[in-house]
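Student: I would like to go through the reasoning behind some labels used for a structure, one at a time. Could we begin once it is in front of us?

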Amino acid sequence: MGKHYKNEQIMKFLTIIGALVGLATLILRLAGLPNYGYVDPFLGLGLVLDFIVGLVIVVLTFLVALKPDRPLPFHWLVLFILGILLVIFGAGIWACVLVIIAALIGLIEDL
């Protein structure tokens with residue numbers, strides 16, 4: 001059983017919205033449409049491989065918020081790591097910012 005935060009609903013909301021924004025950014029990038037949320041991390045993995053890995057990270061972010069402690073624990077450190085992975089694998093800076101804000105809320109509650 002994981003830790004329950006006082007502001008857990010806000011954290012879940014920000015995490016879900018961040019995952020939705022990340023999914024939209026991945027789809028826009030795959031379609032070739034310009035978007036301002038994408039930051040090229042210079043990984044050189046290719047568009048399709050970045051999309052697949054980014055999609056896995058987005059799904060994990062959804063699952064952390066919707067089913068806490070099933071695939072990954074709902075903890076501020078996990079959210080922080082997922083936020084960093086979102087921006088690295090092409091889900092966009094806005095998705096990263098939303099998930100990291102949720103992680104910072106959890107961090108502040110832990111202190």
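Student: Why does I10 count as partly exposed?

Tutor: Keep in mind that this is a predicted model. I10 has a relative accessibility of 45%, and because buried means under 20% and exposed means over 50%, the value for I10 falls in between and the residue counts as partly exposed. I10 is found in helix α1, which covers residues 8–31, and its C-alpha lies 7.5 Å from that of A102, although 92 residues separate I10 and A102 in sequence.

Student: Why is L47 called partly exposed?

Tutor: The same two cut-offs, 20% and 50%, apply: L47, placed in helix α2, has 38% relative accessibility and therefore counts as partly exposed.

Student: What makes L47 part of a nonpolar patch on the surface?

Tutor: Patch residues need over 30% relative accessible area, and L47, at 38%, meets that condition. L47 forms the patch together with L30, V48, I52 and V56, with about 420 Å² of accessible area between them, and α2 contributes the largest share, four residues.

Student: Which residues have the most contacts inside the largest nonpolar core?

Tutor: That core has 22 residues, and those with the most contacts inside it are M11, V58, V64, F74, L79 and L86. The elements that each give two or more residues to this core are α1, α2 (47–66), α3 (76–88) and α4 (93–110).

Student: How do you know that V58 is in contact with residues beyond its neighbours in sequence?

Tutor: Contact requires heavy atoms within 4.5 Å, and with neighbours within four places in sequence left aside, V58 is in contact with A19, G22, L23, L26, L86 and A91.

Methods: Residues numbered from 1 in each chain as written. Predicted model: local features only at pLDDT ≥ 70, side-chain atom pairs only at ≥ 80, totals over all residues. Heavy atoms only, no water. Buried < 20%, exposed > 50% of the residue type's maximum accessible area, 1.4 Å probe, protein only. Core = buried A, V, L, I, M, F, W, Y, C linked by side-chain atoms within 4.5 Å. Patch = residues over 30% accessible without salt bridge, like charges linked within 9 Å, V, L, I, M, F, W, Y side chains within 5 Å. Areas by Shrake-Rupley, 256 points an atom, 1.4 Å probe, with all protein chains shown as cover. Salt bridge = Lys/Arg side-chain N within 4 Å of Asp/Glu carboxyl O.
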